[in-house]
Amino acid sequence: MYETFEHTADLGLRIRAADLNALFAEAGKALFSAIVDDLSTVEPRERIDVRLASDDLEYLLFDWLKELLYLFDTEHLLLGRFEVTVADCSLEAVAWGEPMDLTRHTMLHEVKAITYHALKVQKAADGWLAEVIVDI
Amino acid sequence: MGKETYSGPLEQISECCWRIPKSYKQGMRVDGIIFTDERLMQQLRKDQAPEQVANVAFLPGIQYASLAMPDIHWGYGFCIGGVCATDPDEGGVISPGGVGYDINCGVRLMRTNLFYPDVKPYLRQLVEELFRRVPTGVGQSGKSFSEKELRHLLAEGSPYVVGRGLGTARDLEFTEAGGKLEGAEPAEVSDRALSRGAGQCGTLGSGNHFLEVQIVDHVFDEDAGQALGLEKDQVCVMIHSGSRGLGYQVCDDALAMLRKSPEKYGISLPDRQLACAPIDSLEGKRYIASMRAAANFAWCNRQLLMQQAREVFATIFGRSPEDMQMDLVYDVCHNIAKFEEHQIGGRRKKVWVHRKGATRAFPPNHPEMPAAYRNVGQPVIIPGDMGRASWVLVGRQGSMDQTFGTTCHGAGRAMSRTAAVKEASGRRIDKELEAKGVIARAKSLRGLAEEQPKAYKNVDEVVEVVHKAGLSHKVARMRPIGVIKG
């Protein structure tokens, strides 16, 4: 589950999930929901694989979203479905999506970057919570 | 977070100046000073921006004060509207967060010899054609450069694209730093940054970036107006954009490189986004070399956007850009760090001035001024919102005395994007603007809602503060009549 929260000039993404795998998968969706209006218009026509390792969970989330943003910015690839396995501050992920097609996709924001400001991945009463602010 | 109000100290020290004393937080090396007025103060405490001004005061080697302009708002790490100068001889640091992701985001203003009545009958056609031909919005491609060409462009800045016929020598003279920072090292720009930037030179982007057709609404200083070639009802084009994906990636790469640098150099910071390195360290030098390259890219981007606008005007009016005297008034950057000489504590010093959402405003007779503006000072272009106004100011001596030669950069947001969309629910911002005589085209209606006039502070109030404080001086108020956005 994800939602956006207010940040003066930019956009905050808040993600909640029962476990870390779901948290990272939802974070991928949260990012693309800021880029394209109605994520359900993105069809799973292409598959990409991502492997990453980082120093801690917060950096891992940052690096994960950064990787997805890079894929969009260089290949115009929109991703809408994710399967992520997180273990020991590293992850293996598979994501599905398709190249941006302006006849079917309404674009929302140009996300410039993922920021470290108030970056948060923490255990919550009912699972995990993450917050990240993206620069618009 | 964010929505929390600031409850720390803010002491008024003059009509337009409030201070956060360095005693506020242990670790502050200097005071925080915010330029604002009673009216704008009401909004200032609503978020954590003043706290960020205090946090910047932690940076090693910071001189005089951590400064903020009246368009201050909450950023990440540094506030937007923040200025700080660091001295390499006192262990000073360079901080990518003090420049921002959009390295050399900036504004340029081009004048024409057309007046409002000449353009009014063709306005819709003009805006439609600009919207069709200027790459705008998410994922749009501009002029493509090979990797080799891109590296030249990064090293050489605007002179490179002008050398390929995309502008005139005069354009360079009226661009801050001539459109080129020396010391740019394309080799320090990662492959990732190159690939993000490859297709994006000559694209506007989205967010608050825009290309506007404006008219001079009022001239406040006739002499300065004349020097800048601006008179009432004259048609101008204002362009606001930056270094696109290339610059964002350069900043991102630098922040990743600096993750461990606070520990390595024993720098204690209250916010990870303030990551920095000593200016003379390897990391510091690498960031500076890549930041300069990204700045050069941004100038090329605005140069290509301006060329596009010239071509569109030529198509619509059937005259050449030369015939319409489509001349650059000036181009300024408002996200940058530059090595400049300033008078600090009675001594001349060379310092790294970080301007994040703040504009250089050098006074008359400064050596870095085109001859035509020597007597009036450096033009400062302040974009406002798409419904009300933008401004042209000139730098004043007060900026050298108080803010390392700096003034504000825009209106500053009053509402978050989500709040602006909520506020605009059920309204058609484009129709409302049209009723006010502004034709606006954007790729997304939501984007228009986020950028609607009400989402911004009134730029007139912001400008009034910097004018009163002697940082810069009002020359002309500009009114938008045509807007294209991402």
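How many helices and how many strands does the secondary structure of chain A hold? Select chain A of this predicted model and colour it by secondary structure: two helices and ten strands appear. Followed from the N terminus, the elements come in the order β-β-α-β-β-α-β-β-β-β-β-β. The radius of gyration of chain A is 14 Å, close to the 14 Å that the globule rule gives for 136 residues, so chain A is as compact as a globular protein of that length.

Keep chain A selected and rotate it. Along its principal axes, the C-alpha trace of chain A spans about 40 × 35 × 25 Å. Of the 136 residues in chain A, 50% are buried.

Next, display chain B together with chain A. Here 27 residues of chain A are in contact with 38 residues of chain B. On the chain A side, the elements giving two or more residues are β1 (2-6), α2 (57-75), β7 (106-107) and β10 (127-135). Select α2(A), which gives the most to this side, with four residues. By class, the side of chain A that touches chain B has twelve nonpolar, nine polar and six charged residues.

Finally, select residues 244-257 of chain B, helix α10, and residues 282-317 of chain B, helix α12. These helices pack at an angle of about 170°, with their axes 9 Å apart. Angles over 145 degrees count as roughly antiparallel, and α10(B) and α12(B) are therefore roughly antiparallel to each other. Show the side chains where they meet: B:Leu246, B:Val250 and B:Met257 are among the residues from α10(B), and B:Tyr287, B:Met291 and B:Phe297 are among those from α12(B). The contact of α10(B) with α12(B) has nine nonpolar, three polar and three charged residues.

Technical notes: Residues are numbered from 1 along each chain as its sequence is written. Chains are lettered from A and ligands numbered from 1 in the order in which they are written. This is a predicted model: local features need pLDDT of at least 70, side-chain atom pairs count only at pLDDT 80 or more; totals for chains, interfaces and linings use all residues. Two residues are in contact if their C-beta atoms, placed from the backbone, lie within 7 Å. Ala, Val, Leu, Ile, Met, Phe, Trp, Tyr, Cys and Pro count as nonpolar, Asp, Glu, Lys and Arg as charged, and the others, Gly among them, as polar. Axes are lines fitted to C-alpha atoms, for helices over the stretch in contact, and angles run from 0 to 180 degrees between N-to-C directions. Angles under 35 degrees count as roughly parallel, over 145 as roughly antiparallel, 65 to 115 as roughly perpendicular and the rest as oblique. The radius of gyration is taken over C-alpha atoms; the globule rule is 2.2 Å times the number of residues to the power 0.38. A residue is buried if 20 or more other C-beta atoms lie within 10 Å of its own, exposed if 12 or fewer, and partly exposed in between; C-beta atoms are placed from the backbone.
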